[in-house]
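Please work through the following exercises with the sequence and the coordinates open beside you, trying each task before reading its solution.

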Amino acid sequence: MTRILGIEGTAWCASAALHDTATDETYIESEAYEPESGGIHPREAAEHMREAIPDVVGTVREHAGDDIDAVAFSRGPGLGPCLRIVATAARALSLRLDVPLVGVNHMVAHLEIGRHTSGFDSPVCLNASGANAHLLGYRNGRYRVLGETMDTGVGNAIDKFTRHLGWSHPGGPKVEECARAGEYVDLPYVVKGMDFSFSGIMSAAKHAVDDGVPVEDVCFSLQENVFAMLAEVSERALSLTGADELVLGGGVGQNTRLRSMLAEMCEARGADFHAPEPRFLRDNAGMIAVLGARMYEAGDTIAVAESAVDPDFRPDEVEVTWDAGGDVAVTRAETGEIRGAEAVVRLGERVEKSRVGKGYRHPALDERLRRERTRSEARLTSLARREGVPTPVVYDVDDHESRLVFERVGDADLVAELTEARVRDVGRHLAACHAAGFVHGDPTPRNVRVASAASEPPNGERRSRERVTRETGASDRDATRESDDRTYLIDFGLGYHTEHVEDYAMDLHVFEGSLAGTSDDATALAAAFEDAYAAAGDPEVVAQLREIESRGRYQ
Ligand SMILES: C[C@@H](O)[C@H](NC(=O)OP(=O)(O)OC[C@H]1O[C@@H](n2cnc3c(N)ncnc32)[C@H](O)[C@@H]1O)C(=O)O
Ligand SMILES: [Fe+2]
């Protein structure tokens, strides 16, 4: 039985809450900051916290009496000046009540609340909030970032668009309202594996409005594309990890269109979907108190002297001390028919891949994506082969039906055989694609085919080749000439031609990100992968990868 007082105030919402584990009741008191004009001004927001935090904490204390076991607060991420005010209030209260202090990561709280209210065991979590957008899955002691925005958070992207229109903050609910009267117009759609970016679609949306496209059409299409991107990467994460539960978190999760797309996507693949009620989705101290209670019960408290705030606190920096369910990532059985993230694959002597329509997507967008991707896949699969990268032979392309017929290669995907030698192969193969001026677009272990260890002869080719390579120091290049033990790249549907180092580095980022969700040894594998890439390709790309990783997500 634990009673936790939680305090939240990372950006716009000054909030306090009491969570009681005995009754599972959460009492929340919040005061929102509404900017007079423009977006959130950090100084004004801090001023709001200074005034409103004592109010909301006072109300919750009246409700709670002094029967409180610990004080939990949002340590980050968020706006520094706001975080400091919240932390000061939390420290003072913990000293006054003489109870421990619990420092909560706001992002982990956004997803733990959904795990709590759903009762799911090991879900993939989509956080769609103001300053962030990412997919997380628990594995080996941490929430791993499986995919994330490469520029702004999803809410901020929408809010920036509405600022351009002169609408007041927050813009998300207004776009939702306006979209009801809209029709579909073409806008950019950008996903890279499980990562995605909003800058292209947002500037196109602003230009469209400036050019006289009806604002309701732009709002409608913006929602269609942005939320379809989030649904697609969520589906890819489910497929990659083998999870069959999806939880939604964050303020944008209040949007009905986003929820219905995710529900439909999950239903179509037989996964369970859960979105908490709205008061737990937008920023609120209830989620801080709920996670605070779990941390407190696990003994995860901090001394006042060590309770400094962290405006860039990433969810994967948090050591999970409480019970976060089982690891995501299981190896799936290969039956005659596989439902991947975007296609049904029939495995016979040949492999027939059909990009099935996605009911959650607008039909115009759906048709465009299926056609474009089928064409790219056929073209780039063949091009890669000409560059010496093992890929299946393409026997037939029907881009009207979005269907491809391939040679069958390997008998397992890389998830079943994640070894350093294999990821080195992937590194070299990607370097070859990049040298030829194109990216794979979705290089995850699911998109690499190998002869599984189980089907290899005991003294198989591969092992002896590795030994030779190590002894002689010769390059791994000969591997591509061995017919029975190649590391094949498949599924080039998200690939495209490009000369940009940034795009090449994104391929590496996508691969390394997917390792984190599928392996306990991700760091060593990533190092081997990069090493092989750098040896065969352009080291500048690896430098750019470091740049991508260092970008702060809180903007
Ligand atoms: C770090 C922290 O301060 C930040 N929190 C945050 O951004 O507040 P949150 O409550 O999770 O999300 C607010 C966002 O949620 C959007 N939003 C609210 N209702 C919406 C709706 N119906 N449709 C679309 N967006 C909506 C708002 O426009 C705003 O951008 C975060 O979690 O990223
Ligand atoms: Fe938030």
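The exercises below concern a predicted model, and each task is followed by a solution in steps.

**Exercise 1. The surroundings of ligand 1**

Task: Establish which residues come nearest to ligand 1, which elements give two or more residues to its shell, and why the ligand lies between two domains.

Solution: Begin with the residues themselves: there are 27 around ligand 1, and Ser-129, Gly-130, Gly-155, Gly-172 and Gly-251 come nearest. Next, assign the shell to secondary structure, where α3 (106-118), α4 (154-164) and α5 (172-179) are the elements that give two or more residues, with α4 giving the most, namely 4 residues. Then sort the shell by residue character, which yields 16 polar, 7 nonpolar and 4 charged residues. Finally, turn to the domains: because residues of the shell come both from domain 1 (3-113 + 281-310) and from domain 2 (117-278), ligand 1 lies between the two.

**Exercise 2. Two annotated binding-site positions**

Task: The unreviewed UniProt entry places a "binding site" feature at several positions, including Ala-128 and Asn-255; determine where Ala-128 lies, where Asn-255 lies, and which residues Asn-255 is in contact with.

Solution: Start with the record, which also lists Ser-129, Gly-130, Gly-172 and Glu-176 among the positions of this feature. Ala-128 belongs to strand β6 (residues 124-128), and it counts as buried because it has 31 C-beta neighbours inside 10 Å, the cut-off for a buried residue being 20 or more. When residues up to four places away in sequence are not counted, Ala-128 touches a group that includes Val-154, Leu-230, Leu-248 and Leu-258. Asn-255, for its part, is placed in the loop between β11 (245-249) and α8 (256-269), and its 25 C-beta neighbours inside 10 Å mean that it too counts as buried. With its neighbours within four places in sequence left aside, Asn-255 is in contact with Gly-172 and Glu-176, and both of these residues appear in the list that the UniProt entry gives for the feature.

**Exercise 3. Asp-442 and Lys-353**

Task: For the position that the unreviewed UniProt entry gives as "active site", Asp-442, and for Lys-353, which it gives as "binding site", decide whether each residue is buried or exposed.

Solution: First locate the residues: Asp-442 is in the loop between β19 (438-439) and β20 (448-450), whereas Lys-353 is part of strand β15 (residues 350-354). Then consider the neighbour counts: Asp-442 has 27 C-beta neighbours inside 10 Å and therefore counts as buried, while Lys-353 is buried with 23 other C-beta atoms within 10 Å. Lastly, read off the contacts, leaving out residues up to four places away in sequence: Asp-442 touches Gly-193, Asn-447, Asp-491, Leu-494 and Val-510, and Lys-353 is in contact with Ala-343, Val-345, Arg-403, Leu-404 and Phe-406.

**Exercise 4. The setting of strand β4**

Task: Explain why strand β4 (residues 70-76) is described as largely enclosed, and find how many bridges join it to β1 and to β5.

Solution: Take burial as the opening step: 7 of the 7 residues of β4 are buried, so the strand is largely enclosed by the rest of the structure. Now follow the pairing towards β1 (residues 3-8), which runs parallel to β4 and is joined to it by 4 bridges; here Ile-4 has Ala-70 as its bridge partner. The pairing with β5 (residues 101-105) is likewise parallel and has 5 bridges, with Phe-73 standing opposite Gly-103.

Terms used
Residues are numbered from 1 along each chain as its sequence is written. Chains are lettered from A and ligands numbered from 1 in the order in which they are written. This is a predicted model: local features need pLDDT of at least 70, side-chain atom pairs count only at pLDDT 80 or more; totals for chains, interfaces and linings use all residues. A residue is near a molecule or strand if its C-beta atom, placed from the backbone, lies within 6 Å of it. Ala, Val, Leu, Ile, Met, Phe, Trp, Tyr, Cys and Pro count as nonpolar, Asp, Glu, Lys and Arg as charged, and the others, Gly among them, as polar. Domain bounds come from an automatic or database domain assignment. UniProt positions are given in the numbering used here, feature names are shortened, and annotations may be inferred rather than shown by experiment. A residue is buried if 20 or more other C-beta atoms lie within 10 Å of its own, exposed if 12 or fewer, and partly exposed in between; C-beta atoms are placed from the backbone. Two residues are in contact if their C-beta atoms, placed from the backbone, lie within 7 Å. Two strands pair if DSSP finds at least two bridges between them.
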